[in-house]
Amino acid sequence: MEFALLLWVNSVSSALNFLIMNRKTLLSLFLFSPFFSFGQTEPEPYGALPSERQLRWHEMELYTLIHYTPTTFQDKEWGYGDAAPEIFNPDRFDANQIARAAVAGGFRGLISVAKHHDGFCLWPTQTTDYSVKSSPWKDGKGDMVREFMQASHDHGLAFGVYLSAWDRNDTRYGTEDYTEAYREQLTELMSNYGPIFTSWHDGANGGDGYYGGRNEKRVIDQTTYYEWEEKTWPIVRRLQPMAMIFSDVGPDMRWVGNEKGMAAETSWSTLTPKGKDGGPPTPGSVDNANLPTGDRNGEFWIPAECDVPQRPGWFYHENQNDQVKTPDELFEIYINSVGRGGGMNLGLAPMPEGILHDNDVRSLEGFGKKIKETFAANLAQGAVATANNVRQDHALFSEANLFDADRYSYYASDDHVLNPVIEMELDGVQEFDLIRLRENIKLGQRLDSVRIDVWKEERWQPLARATSIGANRLIKLDAPVRASKLRVALFAPVAPTLSEFALFKEASSEFQLTKSGRQIVDPKQLSIIHADQQAKRALDGDKQTVWETRLAGTGYVEMKLDVAQQISRVHYWPRQDGKITGVPTRYEIQGSLDGKEWRSLAAGEFSNIKANATEQVIELSQRENVQFIRFFPKAFLGEGDVFSVAEFELSK
Ligand code: FUL
């Protein structure tokens, strides 16, 4: 019979290539052969489809991003490019400690920030002297990218690199010589560091910097300068065909539009990228509006990558030791990223000595444990599921495929049945608060939505609804539900292909951060003087209220303490409502004991405040005895002459 089938297949020569590529087609052709009375055919793929590398990436779900450069030693979020290489001298650097912590957290990959905006290369590149070569670390003979790669491999993690296109050190920045050097750097990283799972290119680009001592602002045309499509990305494709290229717009995965790690409730894996102001969509020059949501029936498969730091900032700051995200907070992010069809990319920030702080390590462990326990067993396993229609009534497409933990085996209906309903008799009463659904995305993102009903009080009652299912969709219920019978209704423009239905109960986690004891001055001792009535919003302890003010010619906001005190930090909270109006990017702080004689206490930039609008802590050069403080916003994100603040705080 096999021989006969082969003969038959041979005669259909045009089907041969297709056959080799697709086992299920082989099976269906076999069943379709003259020896069988009917045949099984998979549904036609629908819309944009994921590539092989995207399929592998969807399966990864979780990975980490390590920010550790001279910027760590400067206690900044963006280095200016002027740090002396001498400061890069960790005495306890241990890539294994970091990789181990990532593994304990359940992460499957590690991305090394091989070069951040400060331009310092963590590997001995041929393209510039501004690298580990010029640092005292390992007498200039070290290669940190290699150590991260080795540790990743030793601990079973995939390895990736982040190479900032913006370089605030390189004197060539802005010229063609720089982009040539950038491509050379990319070539080195793609050639010498084993298999790379992602080449990560962030969108922050151009602006002021050191630039070899020029200390100036350099503006580039983001749509043309890097020649991403023409020259830069082909290097990745040629040398690392399985590497996912990340940028704001893809091509393989997109930025989710915020640094909170959260996709929108409805987040499609397909996208039609749009350029800013009608221009071409290139990194750093994208209309961000559809990044959190994707587009239903978008032109390309470009799922969302949700990046978020484990601490408020991407780099280590001692004063954030007690703001490390807890396992419960990380879990919440997981639900809203991986659980919305995206990937979760968690930023880890080693301390200057070169290892992660104990709070970070313990929180990762707690998160890993929580993920493991929560998803240990699918409580829907053992259910008897009955659909009102099964494609060609064949086992290949039966309801049993929903419980076999295989992402690509699936239940499907006949082509004309677009709204099948599957009833499930669970294996006894089960208690759950999480529902997980998956489509076989090899055939596209087909489902518009699903509705789940529970059998309660002798009737069907609505339990949950969800859109954008795709690779992975988690629905978190408001409270645990006990039930023995459920019903799932699927809604799609074509026959749906559901590959999983699973129920889980969120595991609890016990976790205590070691507190460092911040000493915030009681806001009641503080007032804003010479200001309007709304100014109290900046001192009301509520980060959600915003004070917007025109600086009325003075250029500053003046605060007064009831009595003079020793102050060591000023905290500025930018508005938390997603707007950028009045948010400063540069500041100066002045202080005074008597309100007459003023001294400058600090000045600098609020780097990355646009993408990551978290608390900005300004360390004063020394503890200062002051009664009056002036905050000068020096440059703004938005246009106009408005200054905005959610909260000011002072600490001792
Ligand atoms: C952003 C950068 O500006 C931040 O500093 C950080 O590296 C983040 C992951 O990407 O675009």
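**Helix α8 and the ligand site**

In helix α8, the buried residues are Tyr178, Thr179, Ala181, Tyr182, Arg183, Gln185, Leu186, Glu188, Leu189 and Met190. These assignments, like everything that follows, come from a predicted model. An α-helix has 3.6 residues a turn, so residues three or four places apart point the same way. The cover over the buried residues of α8 includes three strands, β2 (109-115), β3 (158-163) and β4 (196-200), together with the helices α7 (144-154) and α9 (228-239).

The length of α8 is a handy check on its geometry. The helix runs through residues 176-192, and because each residue should contribute 1.5 Å, its 17 residues are expected to span 24 Å; the end C-alpha atoms are indeed 24 Å apart. At the N-terminal end, threonine 175 acts as a cap, with a side-chain oxygen 3.3 Å from the backbone nitrogen of aspartate 177. Just after the helix, glycine 194 adopts a positive phi of about 70°.

Attention now turns to the ligand. It is surrounded by 13 residues, of which His67, Trp78, His116, His117 and Tyr162 are the closest. By character, this shell comprises six nonpolar, four polar and three charged residues. Several side chains place a polar atom close to ligand oxygen: for histidine 116 the distance is 2.9 Å, for tryptophan 78 it is 3.0 Å, and for asparagine 608 it is 3.4 Å. Taken alone, the ligand would expose 290 Å², and the protein buries 96% of that area.

Definitions and conventions
Residues are numbered from 1 along each chain as its sequence is written. This is a predicted model: local features need pLDDT of at least 70, side-chain atom pairs count only at pLDDT 80 or more; totals for chains, interfaces and linings use all residues. Side-chain values use heavy atoms; hydrogens and water are left out. A residue is near a molecule or strand if one of its heavy atoms lies within 4 Å of it. A polar contact is a pair of N or O atoms within 3.5 Å; within protein, one must be able to donate a hydrogen and the other to accept it, and residues adjacent in sequence count only if both atoms are side-chain atoms. Accessible areas come from the Shrake-Rupley method with a 1.4 Å probe; for residues, only the protein chains shown count as cover. Ala, Val, Leu, Ile, Met, Phe, Trp, Tyr, Cys and Pro count as nonpolar, Asp, Glu, Lys and Arg as charged, and the others, Gly among them, as polar. Helices (H or I, at least four residues) and strands (E, at least two) are DSSP runs, numbered from the N terminus. The expected span of a helix is 1.5 Å times one less than its number of residues. Buried means under 20% relative accessible area, exposed over 50%, partly exposed in between (1.4 Å probe, protein chains only). Contact means heavy atoms within 4.5 Å.
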